[in-house]
Amino acid sequence: MLVVLAMSYAAPAQAADVENIRLWEAPDHVRVVFDLSGKVESSIFMLNDPRRLVVDLKDTKLAVDPDEIELGDSAVSELRTGIRDGDDLRVVFDLNRKVVPHHFMLPPAGQYGHRLVIDLDYPGESALKKPIDPIAAMIREQEMSAERALAKAKAEGKNPAKVLARQDSKAKPHPKRDIIIAVDAGHGGEDPGAVGPHGTYEKDVVLAIARKLNAKLNDTPGFKAFLTRDGDYYVGLRQRTVLARKQKADFFVSIHADAVKSRGPSGSSVYALSQNGATSETARWLAKTENRSDLIGGVNGRLDLSDKDEVLRGVLLDLTMTATMNDSLSTGGQVLDQLAQVNELHKSQVEQAGFVVLKSPDIPSLLVETGFISNPAEERRLQSSMFQAKIADAIGDGIIAHFRQQPPPSSLLAWQQDQERGEGPSEYRVRKGDTLSEVASRYDVTMLALKQANDLSGDILRVGQVLKIPQS
């Protein structure tokens, strides 16, 4: 009984302080972060007429001037605070638009202590300013679906002829579609990434480089690029690849700036995904530290993994990942060659590590460490707009070179490549009204052989396309 009484009269939990309230604006939501001195019990609810979000924090004091909290151009038009039930803090956010709130607590991580994170989602808004054209998305999805079906047939030991021998339709006009590149600036918002000796934030440097790379690619005929984030806000690691998949990206490149405890290391590095480990101790360490970003930036448990049932299945995943990793390594080599012309290389080959941000099964991807922000001289270079442009150009030139050598069949680059070629003795240029069976019959080969010789996973011929004719 004495023990029970002692427990019942235990000292109450220590009061906590709200040390700061920060807002981060994104195209499709605003994130509100409460920096707390300790664990806090919270109650969060919405009120209407007028719209308000109410946050009650038990036994908590406000240790920041609410007038100094920057609201920006977000859904929050005004913030008010008050005391209730003696020691509890109430914070009221007046809202100027409809929102859907989600909240979660984050434990201490990096330079941050306990945090209450509230995401106010804007219904119907896109995370991207200019979503992909729906026709281009449909064409790309047809290609991806055909490739997955063929990989699945191989994984299950089935004859690929059943997948390849589909509807024999007449040749369609060439779509001459743009090759879609997802440009990902690492970190952002409450996650600054690495911090240089002179206080330079990685998140700011890599966003500047990503914007320059995005502009370069969009200025290159045959390419369309988009940014996974175009401002100072956080996007979860897996959400970045989800955005890339929704936009039907042909390639994903994530921009970062390296950091280690020593100020000595310098130079650029390029990383591709490794399923079974990493090619160096640096790659292992880097993968571990970069993947911690979600602990700092905040993963809220609402991650949509609907794509998991679609492609992440056993051997099919292995086949898909092998194909994308091969493309990733090939492109990585091109990017490294270009980076070597504008900066020293930390590693002369493409490294491999288990980065979460690269784990999109059917999209080749790279992570580029542009330099060591922990090196004072390289930190200064990374702050230079001219050096940022050189790095962006090098990355862009490497990606462009890869796709000029291996353009997707429905792309403008593939069409241009075909127009520049003359018909050789074992080639045929597709004309309006052609069908695959007619071409196969004309040259006395099977449709399957014709598809395999031209690496055709789908059932669509394009006018102007040049087909290799296999020897019968």
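In which loop does His187 lie? In this predicted model, His187 is found in the loop between strand 10 (179-185) and helix 4 (202-218). The residue is not a glycine, yet its phi is positive, at about 65°. With a relative accessible area of 6%, His187 is buried.

A second positive phi belongs to Asp59, again a residue other than glycine, with a value near 50°. Asp59 sits in the loop between strand 4 and strand 5 (60-62). Its relative accessibility is 26%, so Asp59 counts as partly exposed, whereas His187 is buried. The backbone also offers a cis peptide bond, which joins Asp49 and Pro50 and has an omega of about 0°. Pro50 is placed in the loop between strand 3 (42-47) and strand 4 (52-57). Such features are worth a look in the viewer, because most residues other than glycine have a negative phi and most peptide bonds are trans.

Strand 12 (residues 251-258) is a good place to turn next, as a mostly covered element in which eight of its eight residues are buried. The cover extends to both faces of strand 12. On one side Phe251, Val253, Ile255 and Ala257 are all buried, and on the other side so are Phe252, Ser254, His256 and Asp258. Strand 12 is joined to strand 10 by five bridges, and these two strands run parallel. Within this pairing, Val183 has Val253 of strand 12 as its bridge partner. Strand 12 is also joined to strand 15 (residues 365-372), here by six bridges and once more in parallel. There, Asp258 finds its bridge partner in Phe372 of strand 15.

Aromatic contacts come next, and the count of aromatic pairs is four. In one of them, the ring centres of Phe34 and Phe93 are 6.1 Å apart and the planes meet at 85°; an edge-to-face pair needs planes over 60 degrees apart, so this pair is edge-to-face. It links distant parts of the chain, with Phe34 in strand 2 (residues 29-36) and Phe93 in strand 7 (residues 88-95), 59 residues apart. Both Phe34 and Phe93 are buried.

The rings of Phe223 and Phe403 have centres 6.3 Å apart and planes at 75°, so this pair is edge-to-face too. Here the two partners are 180 residues apart, with Phe223 in strand 11 (residues 223-227) and Phe403 in helix 11 (residues 385-405), and the pair thus links distant parts of the chain. Phe223 has a relative accessibility of 3% and counts as buried. Phe403, with a relative accessible area of 6%, is buried as well. Ring pairs draw Phe251 into a cluster with Phe223 and Phe403. Phe251 is one of the buried residues of strand 12 already described, and the cluster therefore includes a residue from that covered strand.

Charged side chains also meet aromatic rings in the model. The charged end of Lys176 sits over the ring of Trp415, at 4.0 Å from the ring centre. Likewise, Arg381 lies over the face of Phe387, where the distance to the ring centre is 5.8 Å.

Definitions and conventions:
Residues are numbered from 1 along each chain as its sequence is written. This is a predicted model: local features need pLDDT of at least 70, side-chain atom pairs count only at pLDDT 80 or more; totals for chains, interfaces and linings use all residues. Side-chain values use heavy atoms; hydrogens and water are left out. Rings of Phe, Tyr and Trp (its six-membered ring) pair if their centres lie within 6.5 Å; planes under 30 degrees apart count as stacked, over 60 as edge-to-face and the rest as tilted. Helices (H or I, at least four residues) and strands (E, at least two) are DSSP runs, numbered from the N terminus. Buried means under 20% relative accessible area, exposed over 50%, partly exposed in between (1.4 Å probe, protein chains only). A charge sits over a ring if NZ of Lys or CZ of Arg is within 6 Å of the ring centre and within 35 degrees of the ring normal. Two strands pair if DSSP finds at least two bridges between them.
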